[in-house]
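Work through the exercises below with the model open in a viewer. Try each task before reading its solution.

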Amino acid sequence: MNLKEKLKEARENLAEVKVAVEAGEKTADELEAAIKSVEELQKQIEKADEAEKLLGTLKNPTDEPAEKEETKMEYKNIGEFVAAQVKEGNIDPKKKFSLTAPAFKAASAMLLPSSVSPTYTATVDTNLVLNYRRPLMVADLFAQEMISGNALTYFKESATIEGSPANATDYTAEGGAKRMMSFGDPTAVTVPLRKIASYMKESDELIDDTPWLATAINDRGMYQHMLEVENYLVATLSSTSGIGTGNKLTPEGIFAAMMTVQNTSGYAPDAIVINPTDYQHLRLRKDGNNQYYGGGFFYNQYSSDGIVEQPSLWGLRTVVTSAVATGTCLVGAFHAGASVVRKSSGVTVDITNTDQDDFVKNLITILIEERLALAVRYPSAFVKISGSSTSTEF
């Protein structure tokens, strides 16, 4: 058995010892001995290679050179082929000549001879080409809070009021009994934090050898996490009991929803969340003069200077996103009406090679998780519109 075969056997033994140590069947001393055995064999092989190189330099200079094998020249294109024939004296460029050249492919195929396989020297672009990323904007509309516990409890004022001060036609007489007012007990509302978590497995060689790929994996994992957070916020708000409803996804229907928010909650609406398809239907509406209400593709409204790519609806911040389904629109006082409540630890990213059989398979597990909730303290500050944006009825 030569040294390389012994090294291979020693490495296999080292892998087995590692597994046994993990299982508690072997000790750390046995693992250290296996590692030293591999290292010693590697040193012996390195010394042998150095000795072989030294012997090569001591070769007798009178030795006859080895007979060279006849090599067949390969040419990348027809120009290179002709130039070589001139250089070798096979043709006289001053005289007319006819030359049978090997077959070459079309220019789009780099003009390589049909018998030659192309060899490419690749330049590695370490930037990963990512797929489409939906802009994540909904979470920023809400107020942001951090807590240390596992749930948030807040108290909602009762709508029950008994008694009232004297009105304008029934004042309390001097010395008379005053009227009593009483309010119902506030209602405690508890919102538990929800855990949003996922993990992925990757080869540890990828992480060690190409750090840029590790970064890209983390970026992709974090994007998918925040995408799920946004989906959770939209779904929670849409299904919250007590928010208003509308059935006309039209300019007038949206404005009516804005007034409903202000009348019922007392807060001025600050944003609209709408699907791109529905926004397109509204954006391309025209008046009786065949002019776009939101401005044309060359000028703003009625040929005024400037153009806005996505003009806002009724002056409110308009978030155009597929986070809401087609035919659905959310109008509300987002910042005043609800809060995104997060655990004070924030988003955590854990990496380990001890999950399941990661160690023996050279894998790592990347875990991303966060605990949060949407506290909708004022449901009346929101209106959900469900309807057709293609309707011509305002």
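## Backbone and strand exercises

At 61% relative accessibility, glutamine 356 is classed as exposed. The model is a predicted one.

**Exercise 1.** Find where glutamine 356 sits, and state the sign of its phi.

*Solution.*
- Step 1: Locate the residue. Glutamine 356 lies in the loop between strand 12 (348-352) and helix 9.
- Step 2: Read the backbone angle. Phi of glutamine 356 is positive, about 50°, although the residue is not a glycine.
- Step 3: Set this against the general rule. Most residues other than glycine have a negative phi.
- Step 4: Classify the exposure. The cut-off for exposed is over 50%. Glutamine 356 has 61% relative accessibility, so it counts as exposed.

**Exercise 2.** Repeat the analysis for asparagine 290: which loop holds it, and is it buried or exposed?

*Solution.*
- Step 1: Asparagine 290 is placed in the loop between helix 7 (276-283) and strand 9 (317-320).
- Step 2: Its phi is about 65°, a positive value for a residue that is not a glycine.
- Step 3: Asparagine 290 has a relative accessible area of 53% and is therefore exposed.

**Exercise 3.** Which residues make the nonpolar surface patch of about 230 Å², and how is valine 360 classified by exposure?

*Solution.*
- Step 1: Name the members. Val19, Phe359 and Val360 make the patch.
- Step 2: Place one of them. Valine 360 belongs to helix 9 (residues 358-361).
- Step 3: Apply the cut-offs. Partly exposed lies between the buried limit, under 20%, and the exposed limit, over 50%. Valine 360 has a relative accessible area of 48%, so it is partly exposed.

**Exercise 4.** How many residues of strand 13 (residues 363-376) are buried?

*Solution.*
- Step 1: Use the cut-off. Buried means under 20% relative accessible area.
- Step 2: Count. In strand 13, 11 of the 14 residues are buried, and the strand is mostly covered.

**Exercise 5.** Which strand does strand 13 join through 10 bridges? Then treat strand 11 and strand 12 in turn.

*Solution.*
- Step 1: Strand 6 (residues 194-203) runs antiparallel to strand 13, with 10 bridges between them. Methionine 200 stands opposite isoleucine 366 in strand 13.
- Step 2: Strand 11 (residues 338-343) is antiparallel to strand 13 and has 5 bridges to it. Here serine 339 faces alanine 375 of strand 13 as its opposite residue.
- Step 3: Strand 12 also runs antiparallel to strand 13, joined by 5 bridges. Aspartate 350 stands opposite leucine 367 in strand 13.

Conventions:
Residues are numbered from 1 along each chain as its sequence is written. This is a predicted model: local features need pLDDT of at least 70, side-chain atom pairs count only at pLDDT 80 or more; totals for chains, interfaces and linings use all residues. Side-chain values use heavy atoms; hydrogens and water are left out. Patches are made of residues with over 30% relative accessible area and no salt bridge: like charges are joined within 9 Å, nonpolar side chains (Val, Leu, Ile, Met, Phe, Trp, Tyr) within 5 Å. Accessible areas come from the Shrake-Rupley method with a 1.4 Å probe; for residues, only the protein chains shown count as cover. A salt bridge is a side-chain nitrogen of Lys or Arg within 4 Å of a carboxyl oxygen of Asp or Glu. Helices (H or I, at least four residues) and strands (E, at least two) are DSSP runs, numbered from the N terminus. Buried means under 20% relative accessible area, exposed over 50%, partly exposed in between (1.4 Å probe, protein chains only). Two strands pair if DSSP finds at least two bridges between them.
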